[in-house]
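Student: I'd like a close look at just one part of this model, not a tour of everything. Please start with whatever terms I need, then stay with that part and show me how it fits into the rest.

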Protein chains: 2
Amino acid sequence: MRVLGVDPGSAVTGFGVVDGAGGGFRYVSAGAIRTDSREPAPFRLKQIHDDLLGIIDEFQPEALSLERHFVAQNVQSAFRIGEARAAAMIAAAERGVPLFEYPPTEVKISVAAHGHADKSQVRLMVLRTLHLHPASEFAADATDALALAICHAGRARAAAPAATIDRRRAAAPRTRVR
Amino acid sequence: MRVLGVDPGSAVTGFGVVDGAGGGFRYVSAGAIRTDSREPAPFRLKQIHDDLLGIIDEFQPEALSLERHFVAQNVQSAFRIGEARAAAMIAAAERGVPLFEYPPTEVKISVAAHGHADKSQVRLMVLRTLHLHPASEFAADATDALALAICHAGRARAAAPAATIDRRRAAAPRTRVR
């Protein structure tokens, strides 16, 4: 299954595409959508939205894995994160791509085996999981997005055999939001 | 000048269209976009986005006036407000409609002459300003959106004569965000 991970932010939105099949994961693409802070907010959100539509059209993911935030530095910062998240959500809905949300701890557990891994540990484990050279140059937002994609692809794979046992349960994994 | 006011919320998004010209304001349209809380968030945001695109196409406003929030009950509620705001911002950017943001106090001052007016006072003043019967049935979110439209239309009109004196200043009113 091909998954697009998205780590939304008003300044930088990371994205990462991963194929998960058989016994492992395969890197497909990753990068960061950067917006100009001097541009007005509607223009920047439209850019995130349009770029994500282009990425969905190019890579045809079967699912979009989005970071679910529970905390923010302050209310203003929560408004900004919400705005960037919506740009991704609307793009997913427009292309009919199912959206799944994962809290940071769950993403860390899925790549680094524990929920308290720091940024550099997550980055190294993402590169190792995808058989990429440890010195590969990726923006931190891109490796975070790859981790989100791995997190969902791994869960979807784990859930698949269960479908033969309990089809209802497999159809509605507990982290599914949409 | 025709202004579309939008009061965004994930459950109910109010909208109101007002023409401001000469000595007064004229009611054009108002209503509320209601989303089903049982539907997934991406679907609901796409609905707000799509409905606002339809309203922009139908009424061809020259400006979109959006409520600028400074407070929220909590961080989760700020995320939700940010998401709904983005649906309006992206629609405005897609149609090239300039967006202006006003804090609630400024909106209240523009319709009720003071910043501490309660909901029912704002509603009555909006109906009086637009020469609508006081018993007119409007959702509270619709009259809030009409107040936002009046707020911007009034400011744009006040700023207009200044353009002959100081063109630069009139081109960039202080509340303009985009």
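Tutor: Helices and strands here are DSSP runs, numbered from the N terminus: a helix is H or I over at least four residues, and a strand is E over at least two. By that rule, the order of elements in chain A, starting from the N terminus, is β-β-β-α-β-α-β-α-α-α-α, giving six helices and five strands. Keep in mind that this is a predicted model: local features need pLDDT of at least 70 and side-chain atom pairs count only at pLDDT 80 or more, while totals for chains, interfaces and linings use all residues. Residues are numbered from 1 along each chain as its sequence is written, with chains lettered from A and ligands numbered from 1 in the order in which they are written.

Let's zoom in on β4(A), α2(A) and β5(A), which make a right-handed β-α-β unit. Right-handed has a set meaning: with the strands pointing away from you, the path from the first strand over the helix to the second runs clockwise.

Start with β4(A), residues 63-67, where five of five residues are buried. Buried means that 20 or more other C-beta atoms lie within 10 Å of the residue's own; exposed means 12 or fewer, partly exposed is in between, and C-beta atoms are placed from the backbone. Ala63(A), Ser65(A) and Glu67(A) point one way from the strand, Leu64(A) and Leu66(A) point the other way, and every one of these is buried. That's the usual pattern, since side chains in a regular strand alternate between the two faces of the sheet.

Who sits beside β4(A)? Two strands count as paired if DSSP finds at least two bridges between them. One partner is β1(A), residues 2-7, joined to β4(A) by four bridges in the parallel sense, with Val3(A) opposite Ala63(A). The other is β5(A), residues 99-102, also parallel and also over four bridges; here Leu64(A) faces Leu99(A).

Those pairings belong to an open sheet of five strands with mixed pairing, in the order β3-β2-β1-β4-β5. β3(A), residues 24-34, and β5(A) are the edge strands, each pairing on one side only. From one strand to the next the twist averages 20°, taking axes as lines fitted to C-alpha atoms (for helices, over the stretch in contact) and angles from 0 to 180 degrees between N-to-C directions. Another helix, α1(A), residues 41-59, packs on this sheet and touches β1(A), β2(A) and β3(A), its direction making about 165° with that of β1(A). Touching means contact, where C-beta atoms, placed from the backbone, lie within 7 Å.

Now the helix of our unit. α2(A) covers residues 75-95, and 16 of its 21 residues are buried. The expected span of a helix is 1.5 Å times one less than its number of residues, so α2(A) should span 30 Å, and its end C-alpha atoms are indeed 30 Å apart. Just after α2(A), Gly96(A) takes a positive phi of about 65°.

Step back to all of chain A for a second: 46% of its 178 residues are buried. Of the contacts with a separation of 6 or more, 68% are between residues 24 or more positions apart.

What about the other chain? Chain B superposes on chain A by a rotation of 180° with 0.0 Å of shift along its axis, at an RMSD of 0.0 Å; the fit is by least squares on the C-alpha atoms of residues with pLDDT of at least 70 in both copies. That is the relation of a two-fold axis. Both copies use the same surface, as 100% of the contact residues of chain B recur in chain A.

The interface brings us back to the helix. In all, 28 residues of chain B are in contact with 28 residues of chain A. On the chain B side, α1(B) and α2(B) each supply at least two residues, and α2(B) gives the most, with 15 residues.

Note on methods
Contact = placed C-beta atoms within 7 Å.
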